[in-house]
Amino acid sequence: MSGAKALIKALEKQGVKEIFGLPGGANLPMYDELFKSDIRHILVRHEQSAAHMADGFGRVSRRAGVCFATSGPGATNIVTGLATAQADSAPMVAITGQVPLAMIGRDAFQESDIIGIANPIVKYSFQPTKASEIPEVVKKGFYIAETGRPGAVLLDIPKDVQQNEASVEFPEEVKIRGYRPWTDPDVTAIEKAIKLLLSSTKPVILAGGGVIISSAFAELQSLAELLMIPVVTTFKGKGAFAENHPLSLGPIGMHGHAEANKVMSECDCVLAIGTRFSDRSVGRFDEFEKNLKIIHLDVDPAEIGKNQTTSVAVVGDVKASLRIFLRMLVQKAPQKSDHNVWLKHVHEVKEYWRQNLKLRPGELTAARILRKLREVMPAESIVTTEVGQHQMWASLFYDVIHPGTFFSSTGLGTMGWGFPAAIGAKAARPDLPVVDIAGDGSFNMTENSLATSVLENLPVIVFLVNNYMLGMVAQWQRTFYDRRMIGVDQKHCPDYVRLAESYGAQGIRVGNLEELGHAIKAGLKSDVATVIDIPIDPEEDVLPFVAPGTSLKDMILPS
Amino acid sequence: MVWAILSLLVENKPGILFKVTHLFRSKNFNIDSISVGVTQNPEFSKMTITTIGDERQIEQIVKQLDKMIDTIEVKRLDDKKAVYRELVLFRVKISKASDSMEISNIANAFGAKIHDARKDSIMLELSASPDQITNLEELLRPYDILDIARTGVAALQRAGD
């Protein structure tokens with residue numbers, strides 16, 4: 001059979017049901033085979049969105065999402081999508097067409113060295129040179145994308161390799177000798193970690209994105225409840241632990257919850273699970289680790305000691321490590337906790353900030369609209385966000401109740417990710433409501449995905465927190481550049497209601513909270529995408545704010 | 001800052017050298033020297049990389065290299081327990097009659113071979129540790145070094161260590 005047919009068959013065998021993509025000259029052979037397949041093709045209006053949809057699909061389903069793009073500009077258009085997925089450890093397989101082998105290196109029409117371009121932003125890449133290699137390469141690609149610390153994999157297939165006929169075999173299993181996705185957690189290290197944790201008087205659990213990726217929600221909750229240790233998360237880890245749980249303090253970081261940052265800066269021992277201690281989470285590296293014992297659980301050995309000095313490290317899948325933790329703790333039957341004073345203090349801090357954090361007065365404020373969204377959306381709804389002020393307000397004011405239902409471009413910080421990712425999420429879970437908490441600046445970047453949402457029957461809600469401003473940049477210009485505002489004003493363009501309607505979607509502009517509630521309900525019932533345009537005051541800042549290069553205890557608070 | 005010798009067993013496939021050097025670049029680490037050659041098993045190549053950094057950086061680059069799917073084994077060699085050599089070729093200017101004899105004496109003292117001896121220049125070859133090569137370079141500098149080519153370090157752990 002042809003290489004293209006081998007590709008589609010291999011994808012079918014892999015269980016792929018949806019492909020997000022856009023055809024072009026160099027991937028026509030694979031599209032021609034896709035035509036004959038039961039795999040659903042979801043057409044995008046820009047390849048970047050195909051990559052983000054595959055990413056959103058992958059994060060929600062925990063199976064690699066697949067996107068197709070042609071050679072040259074098609075391939076370079078997915079670069080941001082690859083980098084976004086890789087930065088957030090999301091499983092994704094991107095398949096690009098390439099000019100024929102004999103044309104490579106001759107600056108052919110629509111030729112780009114996508115393997116070279118993508119090298120630093122993918123987990124791995126393949127460029128098969130024979131049709132017979134394709135099934136093995138597909139199998140390896142999915143294996144690498146989905147195992148260990150997941151990531152983005154690129155398959156770049158020259159057009160003649162797609163067209164050539166070869167006798168093809170489909171391997172049941174593949175072995176990659178240089179790839180060790182998991183190591184067994186070291187039991188002695190866990191023993192040491194338990195000892196350290198139990199001997200501390202002010203312990204905290206810091207849950208990162210790794211908890212969500214390995215769906216270790218139940219294990220995390222059991223551990224926290226067994227030892228009665230308060231839980232903070234990173235922003236990537238938001239929703240790793242139900243945010244309405246009495247032990248939950250929410251995310252730490254640049255725009256973390258005041259109570260979380262406060263407790264994080266006071267604790268003496270942190271059990272950090274599946275986190276890479278990003279600068280946005282921990283602030284100044286040297287300040288964070290001062291007077292703090294760090295126990296670090298992570299699947300990726302290269303994360304140990306990268307940003308923080310650890311006292312004890314446990315390398316392995318965090319779910320497996322936590323299970324051993326729990327088993328050993330139960331065997332030891334530890335005294336419940338020797339830190340009741342600490343726990344009482346933590347609750348006081350939490351109560352204080354819940355009561356005393358000054359909120360902006362007014363009707364359509366960030367806090368009010370996001371709490372309204374939370375009130376109306378079913379608990380199990382999936383949330384994606386764009387990048388900017390709205391994203392941080394979502395972190396502050398939208399509590400995740402069902403663990404693992406909140407997704408955001410946290411590592412790369414890709415504006416325009418949330419909407420296509422929401423569509424990908426809807427493709428993965430058509431049974432659940434999906435909302436993209438968006439800002440106008442971000443939505444502008446991929447708003448043409450409205451066409452995909454409407455035409456492919458993947459209705460999602462765009463909760464558009466609209467200040468017609470690149471709001472986060474504007475906030476930094478107000479805070480650090482003496483209000484010299486440049487390049488941030490969107491000048492009330494476009495009209496989002498008419499924009500939505502022009503795509504056949506529903507557009508609703510709201511003027512107060514009651515209308516907002518109705519609009520969300522209308523969106524939940526709608527068969528097409530709903531853009532809810534929520535005008536807010538462009539002067540509203542995200543607070544608290546830990547300025548870059550400072551420590552978590554130096555929060556700028558609302559005055 | 002420490003000087004570290006890294007020995008990598010990698011897949012002998014096109015593009016691997018690019019990936020390894022790109023990793024150094026993307027982590028903002030510097031490669032001091034690099035040498036690559038196929039091993040007794042043609043499926044694998046051996047890369048020897050020397051680099052300079054603080055302990056934390058070296059530890060991090062070893063972990064990052066180890067994480068690469070195309071690396072089979074990554075070892076940081078202890079320079080006291082390894083044999084490490086670099087090949088260097090110098091072309092040195094001969095300005096006056098006595099230079100030739102003096103340079104030959106220096107070469108002998110280092111165990112360097114002499115090639116292509118001419119009236120106005122002489123070529124020296126030395127296989128030695130990078131330190132010895134630097135020492136030789138210092139001694140040759142007054143004569144005017146016209147050209148130099150170094151291969152980068154090749155290293156193997158001593159048996160039993």
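In what order do the six strands of the open sheet in chain A stand? The order is β9-β8-β7-β10-β11-β12, and the pairing is parallel. This is a predicted model.

**The sheet of chain A**

Two strands stand at the edges: β9 (248-251) and β12 (312-315) of chain A. Each has a single partner strand, so one side of each lacks a neighbour in the sheet. From one strand to the next, the twist averages 15 degrees.

The table lists pairings within this sheet, each with one pair of partner residues.

| Strand pair (chain A) | Bridges | Sense | Residue pair |
|---|---|---|---|
| β8 (231-233) and β9 | three bridges | parallel | V231(A) and S248(A) |
| β7 and β8 | three bridges | parallel | L206(A) and V232(A) |
| β7 and β10 (269-273) | five bridges | parallel | P203(A) and C269(A) |

**Strand β7**

Strand β7 of chain A covers residues 203-207. Five of its five residues are buried. In a regular strand, side chains alternate between the two faces of the sheet. In β7(A), P203(A), I205(A) and A207(A) point one way. V204(A) and L206(A) point the other way. Both groups are buried.

**Where the chains meet**

Chain B puts 14 residues in contact with 12 residues of chain A. On the chain B side, the elements giving two or more residues are α1 (16-26), α2 (55-67) and β4 (71-77). The largest share comes from α2(B), with six residues. What kinds of residue make up this side of chain B? Seven are charged, five are polar and two are nonpolar.

Technical notes: Residues are numbered from 1 along each chain as its sequence is written. Chains are lettered from A and ligands numbered from 1 in the order in which they are written. This is a predicted model: local features need pLDDT of at least 70, side-chain atom pairs count only at pLDDT 80 or more; totals for chains, interfaces and linings use all residues. Two residues are in contact if their C-beta atoms, placed from the backbone, lie within 7 Å. Helices (H or I, at least four residues) and strands (E, at least two) are DSSP runs, numbered from the N terminus. Ala, Val, Leu, Ile, Met, Phe, Trp, Tyr, Cys and Pro count as nonpolar, Asp, Glu, Lys and Arg as charged, and the others, Gly among them, as polar. Two strands pair if DSSP finds at least two bridges between them. Axes are lines fitted to C-alpha atoms, for helices over the stretch in contact, and angles run from 0 to 180 degrees between N-to-C directions. A residue is buried if 20 or more other C-beta atoms lie within 10 Å of its own, exposed if 12 or fewer, and partly exposed in between; C-beta atoms are placed from the backbone.
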